[in-house]
Amino acid sequence: PVPPSSMRPIHASALLIPLTLAAAPLAAVAQADQPASSTSVAADSGAIDSGDYWRLMGSPYTIHYGSDPEHQPVYMIGLERQRSDGWVWGGTYFSNSFGQPSGYVYVGEKVIGFSRFDKLFFQWTAGVMYGYKEPYEDKVPFNYKGFSPGVTASLGWQFTREFSVQAIALGTAGMMFQLAIDLR
């Protein structure tokens with residue numbers, strides 16, 4: 001997660017953030033109104049099925065919406081517990097936009113079955129970030145000695161039972177692309 005560092009022009013891709021956040025309650029309602037079996041699809045179809053499992057994830061690339069000569073490539077690796085009721089919890093280790101080692105621990109929810117596309121999912125997380133330290137402590141809101149709140153929203157596609165990708169909105173700062181392997 002890479003929060004905004006200053007006021008920058010917002011690119012068209014940044015419009016996904018409010019749209020994604022606005023769709024979250026609708027997605028949750030749509031999922032709640034469907035029978036439990038509608039969120040589970042047979043494993044041979046390549047879609048999401050029921051049961052708790054671990055997800056190993058990594059990010060090879062992040063886009064920054066604004067340019068800053070101090071920006072460095074952002075890489076992330078993480079482990080997440082996906083529960084059959086949709087709740088998730090996990091943690092990531094990443095290099096922030098300024099090359100500092102950072103971490104994020106969180107809880108959230110993965111929502112499926114809200115569209116006509118069985119493999120499309122929405123996920124949000126909220127937690128605590130650590131790592132934005134001097135001289136970059138002012139690059140994230142509410143930072144106290146390197147600790148700050150973090151929130152993400154993403155849209156993903158479950159290609160197979162074990163492999164998925166996500167585009168994760170990082171506030172107005174950028175978008176992270178993530179690859180994930182489900183360890184079932």
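Arg161 is partly exposed in this structure, with a relative accessible area of 25%. That label sits in the middle of a three-step scale: buried means under 20% relative accessible area, exposed means over 50%, and partly exposed covers what lies in between, using a 1.4 Å probe and protein chains only. The model is a predicted one, in which local features need pLDDT of at least 70 and side-chain atom pairs count only at pLDDT 80 or more, while totals for chains, interfaces and linings use all residues. Residues are numbered from 1 along each chain as its sequence is written, and side-chain values use heavy atoms, with hydrogens and water left out.

**The overall layout**

The protein chain has 1 helix and 8 strands, and along the sequence they come in the pattern α-β-β-β-β-β-β-β-β. These elements are DSSP runs numbered from the N terminus, with helices (H or I) of at least four residues and strands (E) of at least two. Of the chain's 184 residues, 45% count as buried.

**Salt bridges**

Let's return to Arg161, whose side chain meets that of Glu162 in a salt bridge. Side chains of opposite charge can pair when their charged atoms come close. The term is used here for a side-chain nitrogen of Lys or Arg within 4 Å of a carboxyl oxygen of Asp or Glu. There are 4 salt bridges in the structure, and the table shows some of them.

| Salt bridge | Distance, N to O |
|---|---|
| Asp182 and Arg55 | 2.7 Å |
| Arg83 and Asp85 | 2.4 Å |
| Arg161 and Glu162 | 3.7 Å |

Are the partners buried or partly exposed? Asp182 counts as buried because its relative accessibility is 2%, and Arg55 is also buried, at 0%. This pair links distant parts of the chain: Asp182 belongs to strand β8 and Arg55 to strand β1, with their positions 127 residues apart in the numbering. Arg184 joins in as well, since Arg55, Asp182 and Arg184 are linked in a network of salt bridges.

For the pair of Arg83 and Asp85, Arg83 is partly exposed at 40% relative accessibility, and Asp85 is partly exposed at 39%. Glu162, the partner of Arg161, is partly exposed too, at 35%.

**The cavities**

The structure holds 2 cavities of 30 Å³ or more. On a 1 Å grid over the protein atoms alone, a cavity is a set of points where a 1.4 Å probe fits but cannot get out, and lining residues have an atom within 4 Å of a point. Grid points are joined across faces, edges and corners, and a volume is the space filled by probe spheres set on the points.

The largest cavity contains about 170 Å³ of space. Its lining has 17 residues, and those closest to the centre are Tyr104, Thr125, Thr152, Ile168 and Gln178. Which elements give two or more residues to this lining? They are β2 (76–82), β3 (87–95), β4 (101–112), β5 (120–130), β6 (147–158), β7 (163–170) and β8 (174–183). Strand β7 makes the largest contribution, with 3 residues.

By residue class, the lining divides into 9 nonpolar, 7 polar and 1 charged. In this count Ala, Val, Leu, Ile, Met, Phe, Trp, Tyr, Cys and Pro are nonpolar, Asp, Glu, Lys and Arg are charged, and the others, Gly among them, are polar.

Ile168 sits in strand β7 and is buried, with a relative accessible area of 8%. Its C-alpha atom is 9.2 Å from that of Thr62, which is 106 residues away along the chain.

**A nonpolar patch on the surface**

Trp54, Leu56, Ile77, Leu79, Trp89, Tyr93, Val107, Ile181 and Leu183 make a nonpolar surface patch of about 840 Å². The elements that give two or more residues to this patch are β1 (53–64), β2, β3 and β8. Patches consist of residues with over 30% relative accessible area and no salt bridge; nonpolar side chains (Val, Leu, Ile, Met, Phe, Trp, Tyr) are joined within 5 Å, and like charges within 9 Å. The areas come from the Shrake-Rupley method with a 1.4 Å probe, and for residues only the protein chains shown count as cover. Trp54 lies in strand β1 and is partly exposed at 31%.

**The loop between β5 and β6**

Most residues other than glycine have a negative phi, and most peptide bonds are trans. The peptide bond from Glu134 to Pro135 is cis, with omega near 0°, and Pro135 lies in the loop between β5 and β6. Phe142, found in the loop between β5 and β6, has a positive phi of about 60° and is exposed at 72%. Lys145, placed in the loop between β5 and β6, has a positive phi of about 55° and is exposed at 63%.

Key. On a 1 Å grid over the protein atoms alone, a cavity is a set of points where a 1.4 Å probe fits but cannot get out, and a pocket is an open set with protein on both sides within 12 Å along at least five of seven lines; lining residues have an atom within 4 Å of a point.
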